[in-house]
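Reader: Please take one part of this chain and examine it closely, setting it against its surroundings. I would like the geometry, the burial and the strand pairing treated together rather than as separate entries.

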Amino acid sequence: AHVEALLSSRAAVNESEARWASAIVETRAFTFQPDTDQEQLALVPFLDMLNTFSLLRDGEALWQCSFEAEGPASEGASLVVDRPIRQNQEVLHVYNTNSS
């Protein structure tokens, strides 16, 4: 559906470009205002550069930070850590579908 929309709107010049653009958004976008009629996907510069963390303890995923958006993409969002971060410690993020 995204590929066809990109082609029909002329946002992409060919199917290959449309598929590339769709893959970029689907794998790197964050969701703002999920489960509302104002839901938006947005690329958040630098945030998609965080490494992922997927270790499990007792079947539960462990992570260090979460993406929290309270409003539309134009208002930004916060990356909230779940514990103090020591100097030179890498901050990791668990990516979900559209990472919200």
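Author: Arg10 is found in the loop between helix H1 (2-8) and H2, in what is a predicted model, and its backbone calls for some attention before the close look begins. Arg10 has a positive phi of about 65° although it is not a glycine. Most residues other than glycine have a negative phi. At a relative accessibility of 75%, Arg10 counts as exposed, because the cut-off for that class is over 50%. A second residue shows a similar backbone feature: Asp35, which is not a glycine either, has a positive phi near 60°. Asp35 is placed in the loop between S1 and S2, and with a relative accessibility of 77% it too counts as exposed.

The wider frame can be given briefly. The protein chain has 2 helices and 6 strands, and read from the N terminus the order is α-α-β-β-β-β-β-β. Of its 100 residues, 22% are buried, while the accessible surface comes to about 7,300 Å², with 51% of that belonging to carbon and sulfur atoms. When contacts between residues at least 6 apart in sequence are considered, 46% join residues at least 24 apart. Within the helical part, Ser22 is found in helix H2 (residues 15-28) and is buried, with a relative accessible area of 16%. Leaving aside residues up to four places away in sequence, Ser22 touches His2, Val3 and Leu6.

The part to examine closely is the group of phenylalanine rings that involves strand S1, and the strand itself is the natural starting point. In a regular strand the side chains alternate between the two faces of the sheet. In S1, which covers residues 29-32, Ala29 and Thr31 point one way and Phe30 and Phe32 the other, and all of these residues are buried. S1 and strand S2 (residues 40-43) pair in the antiparallel sense over 4 bridges, and Ala42 in S2 is the bridge partner of Phe30.

Strand S5, residues 65-68, presents a contrast between its two faces: Cys65 and Phe67 make up a covered face, whereas Ser66 and Glu68 make up an uncovered one. S5 is joined to strand S6 (residues 78-81) by 4 bridges, and these two strands run antiparallel; within that pairing, Glu68 stands opposite Ser78 in S6.

Which residues make up the aromatic cluster? Phe30, Phe32 and Phe67 form one such cluster, and the structure holds 2 aromatic pairs. In one of them, the rings of Phe30 and Phe67 have their centres 4.6 Å apart and their planes at 40°, so the pair is tilted. This pair links distant parts of the chain, since Phe30 lies in strand S1 and Phe67 in strand S5, 37 residues apart. As for burial, Phe30 has a relative accessibility of 0% and counts as buried, and Phe67, at 9%, also counts as buried. Phe32 and Phe67 form an aromatic pair as well, one that is edge-to-face, with 5.4 Å from centre to centre and 90° between the planes. Phe32 lies in strand S1 and Phe67 in strand S5, so this pair ties together parts that are 35 residues apart in sequence. Phe32, like Phe67, is buried.

What, then, lies on the surface as a nonpolar patch? Val25, Leu41 and Leu43 form that patch, with about 230 Å² of accessible area together. Leu41 belongs to strand S2, the strand that pairs with S1 in the antiparallel sense. With a relative accessible area of 38%, Leu41 is partly exposed, whereas Phe30, at 0%, is buried. Taken together, the close view is of Phe30, Phe32 and Phe67 in one aromatic cluster, with Phe67 on the covered face of S5, and Phe30 and Phe32 pointing one way from S1.

How values were computed: Residues are numbered from 1 along each chain as its sequence is written. This is a predicted model: local features need pLDDT of at least 70, side-chain atom pairs count only at pLDDT 80 or more; totals for chains, interfaces and linings use all residues. Side-chain values use heavy atoms; hydrogens and water are left out. Buried means under 20% relative accessible area, exposed over 50%, partly exposed in between (1.4 Å probe, protein chains only). Contact means heavy atoms within 4.5 Å. Accessible areas come from the Shrake-Rupley method with a 1.4 Å probe; for residues, only the protein chains shown count as cover. Two strands pair if DSSP finds at least two bridges between them. Patches are made of residues with over 30% relative accessible area and no salt bridge: like charges are joined within 9 Å, nonpolar side chains (Val, Leu, Ile, Met, Phe, Trp, Tyr) within 5 Å. A salt bridge is a side-chain nitrogen of Lys or Arg within 4 Å of a carboxyl oxygen of Asp or Glu. Rings of Phe, Tyr and Trp (its six-membered ring) pair if their centres lie within 6.5 Å; planes under 30 degrees apart count as stacked, over 60 as edge-to-face and the rest as tilted.
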